[in-house]
Amino acid sequence: MFQPNHHHHHQDSSIVIQVDEKETSIVPRDEVQNGGFIQAQSIIYSSKKLQDNLHMIGLKIKQHEDNVKLLKSQRNKLEDAILDLQVILGKYHATTPPNTENAHNSNQSEEDITEQVLRHEKSAAGILCQLRMRHGTHASNLSCTKGVLGIVATLGRVEDDNLSRLFAEYLGIESMLAIVCRTYEDIRALETYDTEGHINNGSGLHGLGASIGRVLDGRFLVICLEDLRPYCGEFLADDPQRRLDLLKPKLSNGECPPGFIGFAVNMIDLDCTNLLYVTSSGYGLRETLFYNLFSRLQVYKRREDMLLALPCISDGAISMDGGIIKATGFFSLGNPNNVDVQFPKPSLNPPDNHLETEKQLKEMTWKKDKITEDIKREQALWNSAKYNFERKKEEFVKFLAESSAYATQLQIQAGPR
């Protein structure tokens, strides 16, 4: 009796539950829940798919961006090396000088320069040249001029006539005619003083001038190499002229300013004797005399290139069409002055490794052009990946909006729990 009763009770309870559910009319909720579950699964799946898609495109964007950066830094290095080679080969003929009256100055030899210096009769440089012409090698044995290396204008050579004139104008006649000595002792031999501190006209250069009928008048500049602070960085590798490996100017985008040709200090050609060990500490003329005269003076093709590069000009600049910036903030305007003392031209025979350098230059230029093509291609891929990313992002945002609207709608349908 008890058992069937229990059995009946069990059936009862199950019936009650079923009836109960029917009473609260949850059949539609059941279907909604099943459908909702499938829908939710599909939303999650689609969302994941869209997110993965975005992630993949994001990675592509990063990859193209990194490639562009790498290629650009490779191109920058090549451009720097190309500039160095062009300076080594003297390939910087950019524009003709603004006024061609100076044409008679072109292709000046050392004799021409000496002749021009001699015209400065009352200058120390003029007296020195006169002595050297009169006494030849004996002049260097005269006690007062024994330590004189020469005058600035004859200690360097410049390939390009226009540049030579610009350098001379930038330095000014006083520096061009400056006498260069090795030590302070050599300078003391040039001028002596009496007990009151007045110049002793009977000795030194003053005495020598008087002896050849040239009275030394006014001040003159003398440069003591031992006292100059030399350049202490690296030199360009495998360059017989030992040019200085100076950091090229860079604009804020990391690229070399357009129209930049090189540094004045590296455009001076030196004799073998002046390249090495002019001072007792083992320095040559480039890293002592010319580095102190020009510092990091930059050379540009045109005035507008130079003006665009202003933010990265530290020690003045000149442009091949006659622009001069003396120092940061000091602009030299107006027409070029007629320069009568400039640097002579180098001797005509090119160095042995000229052809090798030409070949290197061709190869590097070819590599640079190839990299530029690669950059263009990578940039296009990068742009299209960015465009794809934006499109997919919009799709994803739209999808999220739609699925959240759908979820809200489900909640409304489901009603209060």
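A residue is called buried when its relative accessible area is under 20%, exposed when this is over 50%, and partly exposed in between, with a 1.4 Å probe and protein chains only. The model is predicted, so local features need pLDDT of at least 70 and side-chain atom pairs count only at pLDDT 80 or more, whereas totals for chains, interfaces and linings use all residues. Residues are numbered from 1 along each chain as its sequence is written, and side-chain values use heavy atoms, with hydrogens and water left out.

**Exercise 1.** State what share of the 417 residues is buried, and classify Leu307.

*Solution.* Buried residues account for 39% of the 417 residues in the chain. Leu307, which belongs to helix H11 (residues 303-308), has a relative accessibility of 44% and therefore counts as partly exposed.

**Exercise 2.** Describe how strand S7 is paired on either side in sequence, taking helices and strands as DSSP runs (H or I, at least four residues; E, at least two) numbered from the N terminus, and pairing as at least two DSSP bridges between two strands.

*Solution.* Begin with strand S6 (residues 317-319), which runs antiparallel to S7 (residues 324-327) and is joined to it by two bridges; here Ala317 has Ile325 of S7 as its bridge partner. Four residues lie between these strands in their hairpin, where Gly322 adopts a positive phi near 105 degrees.

Continue to strand S8 (residues 330-332), which pairs with S7 through three bridges, again in the antiparallel sense, with Phe330 of S8 opposite Ala327. This hairpin has two residues between the strands, and Gly329 adopts a positive phi near 90 degrees.

Conventions. Pairing = 2+ DSSP bridges.
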